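This report describes a calcium site, the salt bridges and the main sheet of one protein chain. Please keep the sequence and the structure in view while reading.

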Amino acid sequence: MRILLVEDEHKVAQFLRKGLQQDHFAVDLAADGEEALYLADSGEYDLIILDLMLPKVSGFSVLSTVRKKNPNVPILILTAKTAVEDRVRGLEIGSDDYLIKPFAYAELRARVRALLRREWRELKLQLRVGDLVLDPVKRKAWRGEKDLELSNKEFMLLEYLMRNANQVVTRTMIAEHVWDASFDSFTNVIDVYISFLRNKIDKDREPKLIQSVRGVGYMLRDEAPEKAPEAS
Ligand code: CA
């Protein structure tokens, strides 16, 4: 799960980012409205946390622009205590919930989880590819009868592959969705994690679900390809 955190107060931003990362979210941080619009446009986020008082482009403006392009992404706004009309306006423009500053991290986490659960219920998500099943709400995955013991990153990687089943995903796409923006995609970390997943999912089993697409990336598919996919 990847979150866009828009907050210009450096200390608050670092504090929230750290908490969210400890709760196993990948977090990209935007420190002003312009950067927020850029990131929201270039990345895919499962949730956006948006401070309203921002430099360059206001939170309201970010909210309405993002909402027009993406009607579904849950947006949680952060507002000052006194600004009742801001909260109302935010909800009218299309935020899903709000938090009044200052707030405890535990409250933010509870709101974030509630919004994501709502989203997942609507999307009815258990992901399935062949006999491989992943439940993002319960954070469980299994193949056939066997529960898979996955680390956090393995789980996030598998979830991403399953959401894009039967399509080629490049290492860059994986880096952008499973790791945060500071990740150096020139390392072989992704390949290492793919091999961890293969060991847990495909070892001693048929069909092999994780396919390499040479020179490009990977594909999770539920049936053996007629011919091995090859990059030109
Ligand atoms: Ca602010």
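Two strands are said to pair if DSSP finds at least two bridges between them. The model discussed here is predicted.

**The sheet**

Leu4 stands opposite Asp28 in E2. E1 and E2 pair in the parallel sense, and five bridges join them. Both strands belong to an open sheet of five strands with parallel pairing, in the order E2-E1-E3-E4-E5. E2 and E5 are the edge strands, each of them pairing on one side only. On average, neighbouring strands of this sheet are turned by 20° against each other, direction ignored.

Two helices can be placed against these strands. H1 lies across E1, E2, E3 and E4, the last being residues 75-80, and runs at about 165° to E2. H3 packs on the sheet as well, where it touches E3 and E4, and its direction makes about 160° with that of E3.

**The calcium site**

Which residues coordinate the calcium ion? Asp8 and Asp51 each contribute an OD atom, and Met53 contributes its O atom, at 2.1 to 2.3 Å. In sequence these donor residues follow the spacing D-x42-D-x1-M. Asp8 is in the loop between strand E1 (2-6) and helix H1 (10-22), while Met53 is in the loop between strand E3 (47-51) and helix H3 (59-69), so this pair ties together parts that are 45 residues apart in sequence.

Are these two residues buried or exposed? Asp8 has 30% relative accessibility and counts as partly exposed. Met53 is exposed, as its relative accessible area is 64%.

**Salt bridges**

A search of the whole structure finds 17 salt bridges. Three of them are listed here.

| Pair | Closest N to O distance |
|---|---|
| Lys101 and Glu7 | 2.8 Å |
| Asp23 and Arg113 | 3.9 Å |
| Arg143 and Asp202 | 3.0 Å |

The side chains of Lys101 and Glu7 meet in a salt bridge. This pair links distant parts of the chain, with Lys101 in strand E5 (residues 97-101) and Glu7 in the loop between E1 and H1, 94 residues apart. Lys101 counts as buried at 18% relative accessibility, and Glu7 counts as buried at 1%. Buried means under 20% relative accessible area, and the 18% of Lys101 therefore falls within that class. Glu7 and Lys101 also take part in a network of salt bridges that includes Glu9 and Asp51. Asp51 is one of the residues that coordinate the calcium ion.

The second pair joins Asp23 and Arg113 by their side chains. Asp23 lies in the loop between H1 and strand E2 (26-30) and Arg113 lies in helix H5 (residues 105-123), so the salt bridge ties together parts that are 90 residues apart in sequence. Asp23 counts as buried, at 14% relative accessibility, whereas Arg113 counts as partly exposed, at 39%.

The third pair is Arg143 and Asp202. Arg143 belongs to strand E8 (residues 140-143), and Asp202 sits in the loop between helix H8 (189-201) and strand E11 (210-213), so parts that are 59 residues apart in sequence are tied together. Arg143 and Asp202 are both buried.

Key: Residues numbered from 1 in each chain as written. Predicted model: local features only at pLDDT ≥ 70, side-chain atom pairs only at ≥ 80, totals over all residues. Heavy atoms only, no water. Donors = N, O, S within 2.8 Å, 3.2 Å for Na, K, Ca; no water. Helix = DSSP H or I, 4+ residues; strand = E, 2+ residues; numbered from the N terminus. Buried < 20%, exposed > 50% of the residue type's maximum accessible area, 1.4 Å probe, protein only. Salt bridge = Lys/Arg side-chain N within 4 Å of Asp/Glu carboxyl O. Axes fitted to C-alpha atoms, helices over the stretch in contact; angles between N-to-C directions. Contact = heavy atoms within 4.5 Å.
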